[in-house]
Amino acid sequence: MTVVNEAHALLSRLGVDRKLYTGGAMASRSPVTGEVLASLPVTTAAEAAAKIDKASDAFRIWRMVPAPKRGELVRLFGEELRAAKADLGRLVSIEAGKIQSEGLGEVQEMIDICDFAVGLSRQLYGLTIATERPGHRMMETWHPLGVVGVISAFNFPVAVWSWNAALALVCGNSVVWKPSEKTPLTALACQAIFAKAAARAGGVPEGLAEILIGDRAVGEVLVDHPKVALVSATGSTRMGREVGPRLAKRFARAILELGGNNAGIVCPSADLDMALRAIAFGAMGTAGQRCTTLRRLFVHDSVYDRLVPRLRKAYESVSVGNPLETSALVGPLIDEAAFNGMQKALKAAEAAGGKITGGSRVETAHAEAFYVRPALVEMPAQIGPVLEETFAPILYVMRYVDFDEAVRLHNAVGAGLSSSIFTLDLQEAERFLSAEGSDCGIANVNIGTSGAEIGGAFGGEKETGGGRESGSDAWKGYMRRATNTINYSKALPLAQGVSFDID
Ligand code: UN1
C-alpha cells in the first residue's frame, strides 16, 4: 500500500470525514516520501471567528459543569486514545516522519496527560488563608478562564495539543486549536477521536473543541480575537516574539513554548556508557527535531578522548531511513527548508573551525524526502551557529576544563529550555541544580535533555518564553483565581486598622 493510501485508510478508520481532507487548497505532505497526502479546505477568517464564537458559547455552558464530570469526558477521551493508539501513532509517523516507537510514544503522552487531568479534575484546590479580622474567612477559588487557543508545531503534532486540551477541559474551558500547517491530518484525527469521547460522555456542548486549518493568517485570528482568553503557542522564538506582544496588547494570557538550545555537561566521574546512550537519543532522536533535543555538549578534558570517539562511531553507524518500512532510528527531516537550514549551520560551523562527522544527505528513491546523517561537530569554542537553535540533528561538542566555566557557557545562550549533567559527583550535580547552576526550566542529572514525562511542569526560561504546560501546577495557567473574603461576624472590621464610621 502506498503512503497516501495508507494515510487515507487510517483517517477513515479513525473516523475523519473525507470532505475535511479532499479538494482543498492546503496540501499535507509526508516527509517520509515527500508525497502529497491530502488537500485540506482552509478555514477562512470569518469561519475562524464563527468557530471561536461557538467555542465561547460552549465555554459558558461547560464552566458550570462540575469539574469531576468534565474529567469524565477526558477519561473517555483517554479510553478512545488507547483504542486508537496504533492508528494515530502510525499517522504521526506518516505525517511528521517519526520512527514508529516515537509515533506511538507521542500518543502515549496524550494518554498519560488524560490520566493526569482526570485525577486533577477532583483536585483543583484553592487555599484557605488566615485572615487578620475576627469572624472572617479568606479563601481562593479557581474558576474556568474562557476560550483557550492552542497553536502547535509539527514536531509534536498531537501531544502538545493534548497537554493543553486535557488540562483546559477539566479546568472548564473550551479549546480552539490551530495545528501546524505541516501536520493538519493528525489534528483532524484527534478531533474525530475527541468527538467519539464527547458522544459517549453526553451533555458536551457543541463547539467545546474546535479546529482551525490554515497558515499564519488563521493563527492571527486566534491570537487577536477578544474572546480568546489564553493562547498557548509552541514554535520558534521568532513566532513567540510576534504572538507574545499581540496577546499582551489586549491583556490576554500567553503560554509560550519557544526555542531551545539545550546542553549537557559530561563531568570526569560520569558513567560514560550511560552518557553515550543518553546523548545519542537526546541529539539524534526525532532527527533532532524536538524542542528538547540536545544541541550542545561540554565534555571534560579528562574524558573527552574516551567519549567523543565512541560518539563519532555512533553517528557513523546510526541507521537512517524510512520509518514506516524499516527499524531505522533516524527518520526524515520535515522538509527541504529544514535540510537547507541544517546545511547552512554546518557551513558556518566549518568556517568557525568545526570538525564535522556526518551531516550529508542520505539519498532515497524519493527526491522530495530529506533524510540526513546526523552531524556531530567538534567545535573549538561556543561561537557562530552553536549559539542558535537549528531544528535539525546537529550536536556541537566542546571541551572544558573548569566546571564553573562549563556552567557559564551552558547558560550563555538565548534559550533556556532543557539541560543535563552527567556526573557521579554529588557536589557537581547539586551545584548544577542550584540557583547558580542551570538556568533552564528543565535540569536533569544522568538523563538526557529530551523525553520529559508529563507529570512535571514543562517549559523554559528566557527566549524559550517562560510558559509551563502539562504536569505539576501548570493547570493554574488555565484558570482564573478569585480571592474571596467572607464575613460571618456581626461587625465590619476593616483591614489595616482603618476606621471609616458613618452614622
Ligand atoms: C517539543 O519538542 O515541543 O520532553 C515537546 C520531550 C517531549 C516533549 C517535547 N516529552 O522531549
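Here a biologist asks about a predicted model and a modeller answers.

Biologist: How many helices and strands are there in the chain?
Modeller: This is a predicted model, so the elements come from predicted coordinates. The chain has 13 helices and 23 strands.

Biologist: What radius of gyration does the chain have, and what would a compact globule have?
Modeller: Along its principal axes the C-alpha trace spans about 85 × 60 × 35 Å. With 503 residues, a compact globule would have a radius of gyration near 23 Å. The chain agrees with that, at 24 Å.

Biologist: Which percentage of contacts in the chain, between residues at least 6 apart in sequence, join residues at least 24 apart?
Modeller: Buried residues make up 52% of the 503 residues. Among the contacts you ask about, the share joining residues at least 24 apart is 73%.

Biologist: What span should helix α6 have, and how far apart are its end C-alpha atoms?
Modeller: Helix α6 covers residues 184-201, which is 18 residues. At 1.5 Å a residue, the expected span is 26 Å. The end C-alpha atoms agree, being apart by 26 Å.

Biologist: Which residue follows α6, and what is its phi?
Modeller: The buried residues of α6 include L185, L188, I193 and F194. After the helix comes a residue with a positive phi, near 75°. That residue is G202.

Biologist: Is A287 buried or exposed?
Modeller: A287 is found in the loop between α9 (272-284) and β11 (294-300). Its phi is positive, about 50°, although A287 is not a glycine. Most residues other than glycine have a negative phi. A287 has 31 other C-beta atoms within 10 Å, and 20 or more are needed to count, so A287 is buried.

Biologist: And Q496, buried or exposed?
Modeller: Q496 lies in the segment after β23 (479-487). Phi of Q496 is also positive, near 60°, in a residue other than glycine. With 5 other C-beta atoms within 10 Å, where 12 or fewer is the limit, Q496 is exposed.

Biologist: Which strands stand at the edges of the sheet that holds β4?
Modeller: The sheet is open and has three strands, in the order β3-β4-β23, with antiparallel pairing. Two of the strands have a single partner strand each, so one side of each is left without a neighbour in the sheet. Those edge strands are β3 (128-129) and β23.

Biologist: Which residue in β23 is the bridge partner of M138?
Modeller: Strand β4 (residues 136-144) and β23 pair in the antiparallel sense over nine bridges. In β23, the partner of M138 is T485.

Biologist: How many residues of strand β8 are buried, and which strands pair with β8 in the parallel sense?
Modeller: Strand β8 (residues 228-234) is mostly covered, with seven of its seven residues buried. β8 pairs with β5 (residues 147-151) over five bridges, in the parallel sense, and G149 has V231 as its partner in β8. A233 of β8 has L256 as its bridge partner in β9. So the count is seven of seven, and the parallel partners are β5 and β9 (residues 253-257).

Biologist: Why is strand β18 largely enclosed by the rest of the structure?
Modeller: S418, S420 and F422 point one way from β18, and S419 and I421 point the other way. All of them are buried. β18 is therefore largely enclosed because the buried residues of strand β18 (residues 418-422) number five of five.

Biologist: Which residue stands opposite S418 in β19?
Modeller: β18 pairs in the parallel sense with β10 (residues 262-266) over four bridges, where G264 stands opposite S420. β18 also pairs in the parallel sense with β19 (residues 442-445), over four bridges. There, S418 stands opposite I442.

Biologist: How many residues apart along the chain are P31 and F370?
Modeller: P31 sits in the loop between β1 (26-29) and β2 (36-40). P31 counts as buried, with 30 C-beta neighbours inside 10 Å. Beyond its sequence neighbours within four places, its contacts include G97, P332 and A369. The C-alpha atoms of P31 and F370 are separated by 7.1 Å, yet along the chain the two residues are apart by 339.

Biologist: How many residues of each class does the shell around the ligand have?
Modeller: The residues around the ligand include E109, F156, R290 and S450. By class, the shell has four nonpolar, five polar and two charged residues.

Note on methods. Residues are numbered from 1 along each chain as its sequence is written. This is a predicted model: local features need pLDDT of at least 70, side-chain atom pairs count only at pLDDT 80 or more; totals for chains, interfaces and linings use all residues. The expected span of a helix is 1.5 Å times one less than its number of residues. Two strands pair if DSSP finds at least two bridges between them. A residue is near a molecule or strand if its C-beta atom, placed from the backbone, lies within 6 Å of it. Ala, Val, Leu, Ile, Met, Phe, Trp, Tyr, Cys and Pro count as nonpolar, Asp, Glu, Lys and Arg as charged, and the others, Gly among them, as polar. The radius of gyration is taken over C-alpha atoms; the globule rule is 2.2 Å times the number of residues to the power 0.38. Two residues are in contact if their C-beta atoms, placed from the backbone, lie within 7 Å.
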